[in-house]
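Subject: Structure for your attention

Dear colleague,

I am handing over the structure we spoke of, and below it I set out what was found in it. Please read the notes with the structure open beside you.

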Amino acid sequence: MIFKENTRPIYLQIADRICYDIMSGVYNPDDRMPSVREYAASVEVNANTVMRSHEYLSTRDIIYNRRGIGFFVASDARNAIVKMRRDAFLNNDIIDFFKELKMLGIAPDELKSMYQNYCNSQYLTEKQ
């Protein structure tokens, strides 16, 4: 796994990757996840870093631990991920987005039109 050179901690980047894998169907509800050591070896990080990612996802009800067996995808993981990402977007990311729109002079009507065109585009329907 290639980590971004930014201020976002590696354990959160790993958690994001696991969430992406859940959302894309690599892991399904109640699937067993690779062991912490296996996953750490595959992404070339310390097992403690992966364990921290798993703990982060566990506290958000995305994965759960069966003691002595391993980590599993929660039955409602997809909804938990959507809620977590939606909350983060609405409470953090969108503020920067709005600042950029204002700085660039993009009017609300222009943005609305662009968003409607995007939602109706062939590109969007093919990717879903």
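A patch, as the word is used here, is made of residues with over 30% relative accessible area and no salt bridge, and nonpolar side chains are joined into one patch when they lie within 5 Å. Please keep in mind throughout that this is a predicted model. In that sense of the word, I95, F97 and F98 make a nonpolar surface patch of about 280 Å². One of these residues, F98, is found in helix α4, and because its relative accessibility is 44%, F98 counts as partly exposed, a class that runs between the 20% limit for buried and the 50% limit for exposed.

Turning from the surface to the interior, the largest nonpolar core has 26 residues, and I22, V50, L57 and I62 are those with the most contacts inside it. At least two residues of this core come from each of α1 (10–23), α2 (36–43), α3 (47–59), β2 (70–73) and α4 (77–104), while α1 supplies the largest share, namely seven residues. As background, nonpolar side chains in soluble globular proteins tend to be buried together. For V50, one of the core residues with the most contacts, the partners beyond four places away in sequence are I14, V36, Y39, A40, V43 and V45.

An acidic residue in helix α1 also deserves a look, namely D21. Is D21 buried or exposed? With a relative accessibility of 8%, D21 counts as buried, since the limit for that class is under 20%. When residues up to four places away in sequence are left aside, D21 touches V26, Y27 and Y39, and Y39 is also among the residues that V50 touches.

Finally, two backbone positions may be worth checking by eye. D30, placed in the loop between α1 and α2, has a positive phi of about 70° although it is not a glycine; its relative accessibility is 43%, and D30 therefore counts as partly exposed. E44, which lies in the loop between α2 and α3, likewise has a positive phi, near 60°, and is a residue other than glycine. Which class does the accessibility of E44 give? At 71% relative accessibility, E44 counts as exposed, because that class begins over 50%.

With best regards

Notes
Residues are numbered from 1 along each chain as its sequence is written. This is a predicted model: local features need pLDDT of at least 70, side-chain atom pairs count only at pLDDT 80 or more; totals for chains, interfaces and linings use all residues. Side-chain values use heavy atoms; hydrogens and water are left out. A nonpolar core is a set of buried Ala, Val, Leu, Ile, Met, Phe, Trp, Tyr and Cys residues joined through side-chain atoms within 4.5 Å. Buried means under 20% relative accessible area, exposed over 50%, partly exposed in between (1.4 Å probe, protein chains only). Helices (H or I, at least four residues) and strands (E, at least two) are DSSP runs, numbered from the N terminus. Contact means heavy atoms within 4.5 Å. Patches are made of residues with over 30% relative accessible area and no salt bridge: like charges are joined within 9 Å, nonpolar side chains (Val, Leu, Ile, Met, Phe, Trp, Tyr) within 5 Å. Accessible areas come from the Shrake-Rupley method with a 1.4 Å probe; for residues, only the protein chains shown count as cover. A salt bridge is a side-chain nitrogen of Lys or Arg within 4 Å of a carboxyl oxygen of Asp or Glu.
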